[in-house]
2 protein chains.
Amino acid sequence: MEDEHLTVGAWTKRCYFAGRALMDATLRPYDLGSTQWYVLWHLARSGPTVQRDLGRALELERATLSGIIATLVRKGLVQQSSDGDDQRQRLLTLTTAGETLWRDLPDLSFIHQAAFDGIAEADLATTIRVLRLATERLQTRSRKA
Amino acid sequence: MEDEHLTVGAWTKRCYFAGRALMDATLRPYDLGSTQWYVLWHLARSGPTVQRDLGRALELERATLSGIIATLVRKGLVQQSSDGDDQRQRLLTLTTAGETLWRDLPDLSFIHQAAFDGIAEADLATTIRVLRLATERLQTRSRKA
DNA sequence: TGACATTCGTTCGCTACCTTGCGATCTTTG
DNA sequence: CAAAGATCGCAAGGTAGCGAACGAATGTCA
């Protein structure tokens, strides 16, 4: 956290929150959080999805996703029905209101472009490689301990 | 979020949370969160600090810091007193218990090492440069909008 | 000096992340 | 088949982040 001398770790935090802030600000008029947007995005692209699979796709803990889905159901954007096959599972579907809202939502790709456009491909590739390696190492270490 | 094809943005999130998870797991036996640790770290290094300055140093919103300080005060690790000079400001000081706990805390530098040791300096520099540039662009964009 | 603006910390309400523990429901196995 | 184990979703409780609104203290300036 020392000024002008920040570590890679500190920059990943800053960058993550800066992107999130812009995303949240863009979605605020629609009363949507960033993770809620990802849920709609996935359902709009991939169609009805079992909650467990959605959790895996978005890398969210069951408990976290549970709350987010509850919020979206309360807003009437997503419908949660029990799948006939396995009574433990819940099938998630966009409601008509959800589909309508999704169509009205602005395109968020400008965020990624604002952040990374014009940066050399090689540098982006290096960044991804470093972050992926670091992430894998950290996760391995977490699992062991 | 699409596997095997993740964007830089997705990796910054993953990496940030992986590091945080390891930090949280290490601090759990001491009943301390990662941001609480940063507060103690700053107070131990820099001595008594005005709350406003601490917020700037750690880049936390006043509202966020307010809650974290309240938690640390409740735990008896930090003392919050009104500075005589400006009656609006609060001066933060480590209590004796806080100093004792700080001495008992394990060294966390192994986390950074686990993540980044052995990676070429040039690659780390590139990563920092990319993340810093992206962060600055995103923040500029947020301020304008 | 008096009116207005700014700053500092708090509180409230929200998103989103986690762990733990629970009940219900499969699945596997003795 | 029954018992044991695994999995799914939920609820509760904790940490950490945000914006908005507020009171008290302080600055500013006509």
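**Figure 1. The residues around DNA strand C.** In this predicted model, 26 residues surround DNA strand C, and those that come nearest are Gly33(A), Ala63(A), Gln87(A), Gln51(B) and Arg52(B). Try finding each of these five in the structure above.

**Figure 2. The helices that build the surface near DNA strand C.** Which helices each supply at least two residues of this surface? From chain A they are helix H2 (34-46) and helix H4 (62-74), and from chain B they are helix H3 (51-58) and helix H4 (62-74). The largest share belongs to H4(B), with six residues. Sorted by class, the surface near DNA strand C holds twelve polar residues, seven nonpolar ones and seven charged ones.

**Figure 3. A closer look at chain A by itself.** Let us leave the DNA for a moment and follow one chain. Chain A contains seven helices and three strands. Walking along its sequence, you meet them in the pattern α-α-β-α-α-β-β-α-α-α. The C-alpha trace of chain A spans about 55 × 40 × 30 Å along its principal axes. How many of its 145 residues, as a percentage, count as buried? For chain A the value is 23%. Among the contacts in chain A with a separation of 6 or more, 44% are between residues 24 or more positions apart.

**Figure 4. The side of chain A that touches chain B.** Here 40 residues from chain A meet 40 residues from chain B. On the chain A side, the elements giving two or more residues are helix H1 (8-27), helix H3 (51-58), helix H6 (109-116) and helix H7 (121-144). H7(A) provides the largest share, with 16 residues. By class, this side of chain A has 24 nonpolar residues, ten polar residues and six charged residues.

**Figure 5. How the two chains are related.** Two copies of a chain are related by a rotation about an axis and a shift along it. In this model, a turn of 180 degrees with a shift of 0.0 Å along the axis lays chain A on chain B with an RMSD of 0.1 Å. This is the relation of a two-fold axis. Which residue of chain A has the C-alpha nearest the axis? It is Thr127(A), whose C-alpha lies 2.3 Å from the axis.

**Figure 6. One surface, used by both copies.** Why can we say that the copies meet through the same surface? The reason is that 100% of the interface residues of chain A are also interface residues in chain B.

Terms used
Residues are numbered from 1 along each chain as its sequence is written. Chains are lettered from A and ligands numbered from 1 in the order in which they are written. This is a predicted model: local features need pLDDT of at least 70, side-chain atom pairs count only at pLDDT 80 or more; totals for chains, interfaces and linings use all residues. A residue is near a molecule or strand if its C-beta atom, placed from the backbone, lies within 6 Å of it. Helices (H or I, at least four residues) and strands (E, at least two) are DSSP runs, numbered from the N terminus. Ala, Val, Leu, Ile, Met, Phe, Trp, Tyr, Cys and Pro count as nonpolar, Asp, Glu, Lys and Arg as charged, and the others, Gly among them, as polar. Copies are superposed by least squares on the C-alpha atoms of residues with pLDDT of at least 70 in both. Two residues are in contact if their C-beta atoms, placed from the backbone, lie within 7 Å. A residue is buried if 20 or more other C-beta atoms lie within 10 Å of its own, exposed if 12 or fewer, and partly exposed in between; C-beta atoms are placed from the backbone.
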